Amino acid sequence: MLNIVIFGAPGSGKGTQSAKLVEEYHLKHLSTGDILREEIKAGTELGKLADSYMSKGHLVPDGLVIDILDSLIGKHANAKGFIFDGFPRTLAQGEALSKMLEKHGEDIDVVLSLEVDEEELIDRLLKRGQISGRKDDNRETIESRLKVYHTQTEPLKDFYRRRGILKNIEGIGSIDEIFNSIEKEIDRIEK
Ligand code: B4P
């Protein structure tokens, strides 16, 4: 299996690059953001709860997302590998992910951290908000998401750096240029 974590601040291009990774490597894409948005759309109890956090730019509680991921990994145990997009977002989720994969004799091969400055992130998300109407892409919620990213999610970089699997990727440039840098990192681990 090839297990990739695609990491970065909101708006760094995780969803965009994941779509290209799926096309190229045929891995199972698990985006906690997409999964939660589907629950909201379907009006489930989980969706209602998730919406109360997401609309404020806060993280959904660890227990909820960890349970969702655990069951999805089990369900797709025969996949060629996984792209974890937007998960983990806290140290507790990072520890849980390692344990979940361990149960299947697996581990994370690489954590690709898309590096984009704050000004560009805000610009991209405001633009997406205008086009897609995504409720959390407004200035106030974007600021809250960025704060949450720095306090709760960014510490994971050290967690993975210490394990020697963190790779920083320049996240500014054309989508294809960024994908080329990602491919180079993956080729290195596949060899
Ligand atoms: P996500 O859906 O993961 O949303 P995101 O991080 O804001 O955006 P993403 O990273 O996918 O967007 P992308 O950069 O691809 O999460 C939403 C919310 O769900 C969270 O705030 C949280 O509340 C909750 N949640 C999700 N996972 C959770 C977890 N594990 N634990 C707890 N809560 C969780 O794209 C951004 C824009 O940039 C796009 O419009 C794109 O077209 C553009 N773009 C991309 N690459 C570009 C480039 N190279 N140049 C110019 N524009 C580019």
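Visitor: What makes a residue in the shell around the ligand nonpolar, polar or charged?
Guide: It goes by residue type: Ala, Val, Leu, Ile, Met, Phe, Trp, Tyr, Cys and Pro are nonpolar, Asp, Glu, Lys and Arg are charged, and the others, Gly among them, are polar. By that sorting, the shell splits into nine nonpolar, 11 polar and eight charged residues. Mind you, this is a predicted model: local features need pLDDT of at least 70, side-chain atom pairs count only at pLDDT 80 or more, and totals for chains, interfaces and linings use all residues. Numbering runs from 1 along each chain as its sequence is written, and side-chain values use heavy atoms, with hydrogens and water left out.

Visitor: What puts a residue around the ligand in the first place?
Guide: One of its heavy atoms has to lie within 4 Å of the ligand. There are 28 such residues, and Gly13, Lys14, Thr32, His58 and Arg145 come nearest. H2 supplies the largest share of the shell, four residues.

Visitor: Why does Arg145 count as a polar contact of the ligand?
Guide: A polar contact is a pair of N or O atoms within 3.5 Å. A polar side-chain atom of Arg145 is 2.4 Å from a ligand oxygen, so the pair qualifies. Thr32 passes too, with a side-chain N or O atom 2.7 Å from a ligand nitrogen, and a backbone N or O atom of Gly86 is 3.0 Å from a ligand nitrogen. Altogether the protein covers 87% of the 990 Å² of accessible area that the ligand has on its own (Shrake-Rupley, 1.4 Å probe).

Visitor: How do you know where the ligand sits?
Guide: The test is that more than half of its atoms lie within 2 Å of the grid points of a cavity or pocket. The ligand sits in the largest pocket, so it meets that test there.

Visitor: What makes that space a pocket?
Guide: On a 1 Å grid over the protein atoms alone, where a 1.4 Å probe fits, a pocket is an open set of points with protein on both sides within 12 Å along at least five of seven lines. The largest one holds about 920 Å³. It has 46 lining residues, with Pro10, Gly11, Lys14, Arg89 and Arg134 closest to its centre (lining means an atom within 4 Å of a point).

Visitor: Which residue class does the second largest pocket, of about 160 Å³, have six of in its lining?
Guide: Charged ones: the lining has six charged, two nonpolar and one polar residue. Among them are Arg37, Lys41, Asp51 and Arg134.

Notes
Grid points are joined across faces, edges and corners, and a volume is the space filled by probe spheres set on the points. A polar contact is a pair of N or O atoms within 3.5 Å; within protein, one must be able to donate a hydrogen and the other to accept it, and residues adjacent in sequence count only if both atoms are side-chain atoms. Helices (H or I, at least four residues) and strands (E, at least two) are DSSP runs, numbered from the N terminus.
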